[in-house]
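Open the model in your viewer and keep the selection tool ready. We will go stop by stop.

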Amino acid sequence: MCLPSSRARLFDAVGVGLSFACLVHCLALPLLLLLAPALAAWLSLPEWIHAAILLLATPAAFVAMTGGWRRHRRAGPALLAAGGLILLGLGLAGHAGWLGTLDPEAADRWFTSAGALSLAAAHLANWRLRHGTKTIIGGGGSHD
C-alpha cells in the first residue's frame with residue numbers, strides 16, 4: 001500500500017537521483033570529454049536532455065516539498081528547491097544562449113551545477129526534517 005509519506009519519500013529519492021544525474025552530466029561528462037576527445041561523439045547527449053531533466057525535476061520537487069511541508073512545516077527546503085529549480089532554468093537558458101553571455105557553455109555548467117546541488121540539498125534537508133534525523137551524514141536515527 002502506498003501511503004502519502006512513502007510517496008513523498010519516493011519523490012525525495014527521485015529528486016536526489018535526478019539532481020545527482022544532472023550534476024554528473026554537468027561536471028563529469030565535460031571532464032571525460034576533455035580526457036577522451038576520440039569518444040566525444042559517442043558520449044554526447046542530445047540537446048533536449050537539459051529540458052527533460054528540468055521537466056522531471058520540477059514535479060518531483062513540488063510533490064516532495066509539499067509532502068515535507070505537511071509533515072514538518074518548515075519552508076527552508078522548499079525555498080532551497082525553488083532556488084535550485086530557478087538555477088536549473090538559468091542553466092537551460094545559458095545552454096540555449098539566451099543569457100547573452102560570452103560563453104554559453106560555462107553559464108550552463110555553473111548555473112546547472114549550482115542548481116543541481118541546491119536541489120539535492122533541498123531534498124536531503126526535506127528528508128531529514130520529515131524523518132526527524134539529527135544529521136544527514138553519520139548518525140541520527142529516525143523517530144518514525
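Select Ala81 in this predicted model. Setting aside neighbours within four places in sequence, show what Ala81 touches: Met65, Leu119 and Ala122 are in contact with Ala81.

Now widen the view to the core. Ala81 is among the residues with the most contacts inside the largest nonpolar core, which has 14 residues. Cys22, Ala57, Leu85, Leu88 and Leu119 are also on that list. Colour the helices next. At least two residues of this core come from each of α1, α3 (49-72), α4 (76-96) and α5. Which helix gives the most to this core? Pick α3, which supplies six residues.

Move to helix α1, residues 4-35, and select Ser19 there. Is Ser19 buried or exposed? Ser19 is buried, because its relative accessible area is 3%, under the 20% cut-off. Show its side chain. The side chain of Ser19 reaches the backbone oxygen of Gly15 at 2.9 Å. Then look beyond the residues up to four places away in sequence: Ser19 touches Ala116, Leu119 and Ala120. Leu119 is a residue you have already met, as a contact of Ala81.

Last stop: helix α5, residues 104-131, where you should select Ala114. Ala114 has a relative accessible area of 30%, so this residue counts as partly exposed, between the cut-offs of 20% and 50%. Draw a distance from Ala114 to Leu85, C-alpha to C-alpha: the viewer should give 9.8 Å. In sequence, Ala114 and Leu85 are 29 residues apart. Leu85 also belongs to the core you coloured earlier.

Technical notes: Residues are numbered from 1 along each chain as its sequence is written. This is a predicted model: local features need pLDDT of at least 70, side-chain atom pairs count only at pLDDT 80 or more; totals for chains, interfaces and linings use all residues. Side-chain values use heavy atoms; hydrogens and water are left out. Helices (H or I, at least four residues) and strands (E, at least two) are DSSP runs, numbered from the N terminus. Buried means under 20% relative accessible area, exposed over 50%, partly exposed in between (1.4 Å probe, protein chains only). A polar contact is a pair of N or O atoms within 3.5 Å; within protein, one must be able to donate a hydrogen and the other to accept it, and residues adjacent in sequence count only if both atoms are side-chain atoms. Contact means heavy atoms within 4.5 Å. A nonpolar core is a set of buried Ala, Val, Leu, Ile, Met, Phe, Trp, Tyr and Cys residues joined through side-chain atoms within 4.5 Å.
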